[in-house]
Amino acid sequence: MIMPNCPLLPHLLCQDDYKNYTEFWHAVRDEILHRVVGLTFHRKIIRLQNPGNNQTIWHIITKGTTSSHCGRSIDRERAEHVSWISFLLSEKCDPCDSFLIWRKRHKGAIRWCVYCSKEKYVVILEERGHDELILITAFLVTPQRDRDFQKEYNQYVKNGI
């Protein structure tokens, strides 16, 4: 079992704890479908963009330079961290100094960034209407992206969206 640095965060899923990859995939999918979808974050309900297929889940557990299904490859580390998504969205980390939330404009939409700067993990949501947020992705952040996120957060605190 993989342990996070922060004692509050839940244990990571570990692919080695499952009989095969299919069983691990089901655990990852179930974590998102049953623990993230339907959560309320800032009085808005969280949904998947395409609830009838696994496109959003695939995006969360893969990496690549394209958003298309074919241009991305499985990232075991991303998959193992999905248990952190519901924890961060439930805001159990607040008021930790490493727990940062801000909004930003992205291609005409408003996105929420929920970031644990201690663990370098971010969850990104997008507003849809007045009462819904779409889970876009979640991933471990590189040192360069960490600097970018810290800068975005500081600008948000100073100037708003």
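**Exercises on burial, cores and salt bridges**

C116 is buried, having a relative accessible area of 7%, where buried stands for under 20%, exposed for over 50% and partly exposed for the range in between (1.4 Å probe, protein chains only). The model is a predicted one, in which local features need pLDDT of at least 70 and side-chain atom pairs count only at pLDDT 80 or more, while totals for chains, interfaces and linings use all residues. Residues are numbered from 1 along each chain as its sequence is written, and side-chain values use heavy atoms, with hydrogens and water left out.

**Exercise 1.** Determine the burial of C6 and the number of disulfides.

*Solution.* Begin with accessibility: C6 has a relative value of 8% and therefore counts as buried. Then apply the disulfide rule, a pair of cysteine sulfur atoms within 2.5 Å, which gives a count of zero.

**Exercise 2.** Describe the largest nonpolar core and identify the elements that supply it.

*Solution.* A nonpolar core is a set of buried Ala, Val, Leu, Ile, Met, Phe, Trp, Tyr and Cys residues joined through side-chain atoms within 4.5 Å. The largest such core has 34 residues, and F41, I85, L88, L89, V123, L125 and L135 have the most contacts inside it. At least two of its residues come from each of α1 (21-35), α2 (55-61), α4 (83-89), β5 (99-106), β6 (109-116), β7 (121-128) and β8 (132-140); helices (H or I, at least four residues) and strands (E, at least two) are DSSP runs numbered from the N terminus. The largest share, five residues, is supplied by α4. A second, separate core has 11 residues, including L100, I134, I136 and F149. Returning to L89, and leaving aside neighbours within four places in sequence, one finds contacts (heavy atoms within 4.5 Å) with V36, L39, T40, F41, I46, V114, V123 and L125.

**Exercise 3.** Examine the surroundings of R78, and state which side chain of opposite charge is nearest.

*Solution.* First locate R78, which is in helix α3 (residues 76-80). Next, not counting residues up to four places away in sequence, list what R78 touches: H59, I60, I61, T62, K63, R72, T137, A138 and F139. Finally consider charge, with Lys and Arg taken as positive, Asp and Glu as negative, and His and the chain ends not counted. R78 is buried yet has no salt bridge, and the nearest side chain of opposite charge is D75, 4.1 Å away; a salt bridge calls for a side-chain nitrogen of Lys or Arg within 4 Å of a carboxyl oxygen of Asp or Glu.

**Exercise 4.** Which parts of the chain do the salt bridges E126–R111 and K120–D146 link?

*Solution.* The structure holds 12 salt bridges. In one of them, the side chains of E126 and R111 meet at 2.7 Å, N to O. E126 belongs to strand β7 and R111 to strand β6, so the pair ties together parts 15 residues apart in sequence; both residues are buried. In another, the closest N and O atoms of K120 and D146 are 3.5 Å apart. This pair links distant parts of the chain, with K120 in the loop between β6 and β7 and D146 in helix α5 (residues 143-159), 26 residues away. At 29% relative accessibility K120 is partly exposed, whereas D146, at 12%, is buried.

**Exercise 5.** Which residues form a network of salt bridges with D16?

*Solution.* D16 is linked with R76 and E80 in such a network.
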